[in-house]
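Here is a set of questions on how the labels for one model are earned. Each answer puts a value beside its criterion and concludes.

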Amino acid sequence: MIVDGSRPLPLKRRRFTSIDSMEAASAKAELAAAKEKFGREIRVFETAGLLPTQNEVSNTEESDDFYEFSTEDYFRLMGTKKEDKFLKTQKIREAEEAARRSRITKAVIRVRFPDNHTLEVTFHPSETIQSLVDLIMKVIARPDLPFYIYTTPPKKQIKDMTQDFFSAGFIPGAIVYFSYDLPKGDDAAAANSAPFLQDEIMSLKGLEVIAEQREPVQSAPEPAAVGAVPSPVAQESKPSEKNPAKPKWFKM
């Protein structure tokens, strides 16, 4: 599926202390509480430079021409199809698909919001896209407003919520985008200028980094054995000086 090169913003490295250990334990507890409440592992992080900033999102929105499927995109996708399905029977294709399904045990879905925050959730490939929509309804700040999710490029609104993640091609992971389904105006501007996720969910941002931090272990030097005799320093052996041999025919 669609993969981009975005990465969470790095956190500053700090020297680990006893307070950091307590902070890591607290972060684990909060993540565990969120998993118990929502039934899934949830991560929240922020990406930079990929979407308009929060101040700009209310006034700027990419047109549909931006996501137009170009000829280059077509040939690039066709080039990735290395298997010739016309030479395989239906039973072979079904067997191969079943084998692929059995090997994949999870689908990591990232929901990108216009304010550059990303919600990462883990699903089973057999679950439907409706389960993702249901979770989004629980975590967004304005569940009363209509919204939709889409993929890009090209920009394509996801409408079939009965598809499972495997059939939709969202395995082993995918990125989908969130947008309020509101006409342009004051209501849309107000909704886009406010936080998209609830405060409870935003408090999870960066916690997985803190929870995974470990104090680096430095190997201590081995103590010298008691009574050990230091090894003598090897001295360079000098070649013994020998008188040059005289040939037999040489006479004094």
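**Reasons behind the labels**

The chain has seven helices and six strands. The model is a predicted one. Along the sequence, these elements follow the pattern α-β-α-α-β-β-α-β-β-β-α-α-α.

Q: What makes up the sheet, and in which order do its strands lie?
A: Six strands form an open sheet with mixed pairing. The order is S1-S3-S2-S6-S4-S5.

Q: Why are S1 and S5 called edge strands?
A: Strand S1 (42-46) and strand S5 (156-157) each pair on one side only. That places S1 and S5 at the edges of the sheet.

Q: How do you know that S1 and S3 pair?
A: Pairing requires at least two bridges between two strands. S1 and S3 have five bridges, in the antiparallel sense. The criterion is therefore met. Valine 44, for example, has leucine 119 in S3 as its bridge partner.

Q: What makes S2 and S3 a pair, and in which sense do they run?
A: Six bridges join S2 and S3, in the antiparallel sense. The cut-off is at least two bridges, so they count as paired. One of the matches is isoleucine 109 with valine 121 in S3. The two strands form a hairpin with four residues between them.

Q: What makes the pairing of the sheet mixed?
A: S2 and S6 pair in the parallel sense over five bridges, whereas S4 (residues 147-151) and S6 (residues 173-180) run antiparallel and are joined by four bridges. Both senses occur, and the sheet is described as mixed. On the parallel side, valine 111 has valine 176 in S6 as its bridge partner. On the antiparallel side, tyrosine 148 is matched with serine 179 in S6.

Q: How do you know that helix H4 packs on the sheet, and which strands does it touch?
A: Helix H4 (residues 129-139) touches S1, strand S2 (107-112), strand S3 (117-123), S4 and S6. A contact needs heavy atoms within 4.5 Å. The direction of H4 makes about 130° with that of S4.

Q: Why is S3 described as largely enclosed?
A: Six of the seven residues of S3 are buried, so the rest of the structure largely encloses this strand.

Q: Why is histidine 117 called buried?
A: Its relative accessibility is 8%. Buried means under 20%, so the label applies. Histidine 117 is in strand S3.

Q: What makes the link between histidine 117 and lysine 205 a polar contact?
A: The side chains of histidine 117 and lysine 205 meet at 3.3 Å. The limit is an N or O pair within 3.5 Å, one able to donate a hydrogen and the other to accept it, so the distance qualifies. Beyond its neighbours within four places in sequence, histidine 117 is in contact with Phe45, Glu46, Val111, Arg112, Met202 and Lys205.

Q: What makes the phi of asparagine 116 worth noting?
A: Phi is near 75°, a positive value in a residue other than glycine. Asparagine 116 is in the loop between S2 and S3.

Q: Is asparagine 116 buried or exposed?
A: Asparagine 116 has 7% relative accessibility, so it counts as buried. The cut-off for that label is under 20%.

Q: How do you know that the buried residues of helix H5 line one face?
A: In H5 (residues 186-193) the buried residues are Ala188, Ala191 and Asn192. Seen down the axis of H5, they fall within an arc of 95°, so they line one face of the helix. These buried residues pack against S6.

Q: Why are two peptide bonds labelled cis, and where do their prolines lie?
A: From threonine 152 to proline 153, omega is near -10°, and the bond is cis. From proline 153 to proline 154, omega is near -10°, and this bond is cis too. Proline 153 is in the loop between S4 and S5. Proline 154 lies in that loop as well.

Q: What percentage of the chain is buried, and how much surface is accessible?
A: Buried residues make up 29% of the 252 residues. The accessible surface comes to about 18600 Å², with 55% of it belonging to carbon and sulfur atoms.

How values were computed. Residues are numbered from 1 along each chain as its sequence is written. This is a predicted model: local features need pLDDT of at least 70, side-chain atom pairs count only at pLDDT 80 or more; totals for chains, interfaces and linings use all residues. Side-chain values use heavy atoms; hydrogens and water are left out. Buried means under 20% relative accessible area, exposed over 50%, partly exposed in between (1.4 Å probe, protein chains only). Accessible areas come from the Shrake-Rupley method with a 1.4 Å probe; for residues, only the protein chains shown count as cover. Axes are lines fitted to C-alpha atoms, for helices over the stretch in contact, and angles run from 0 to 180 degrees between N-to-C directions. The arc is that of the directions from the helix axis to the C-beta atoms.
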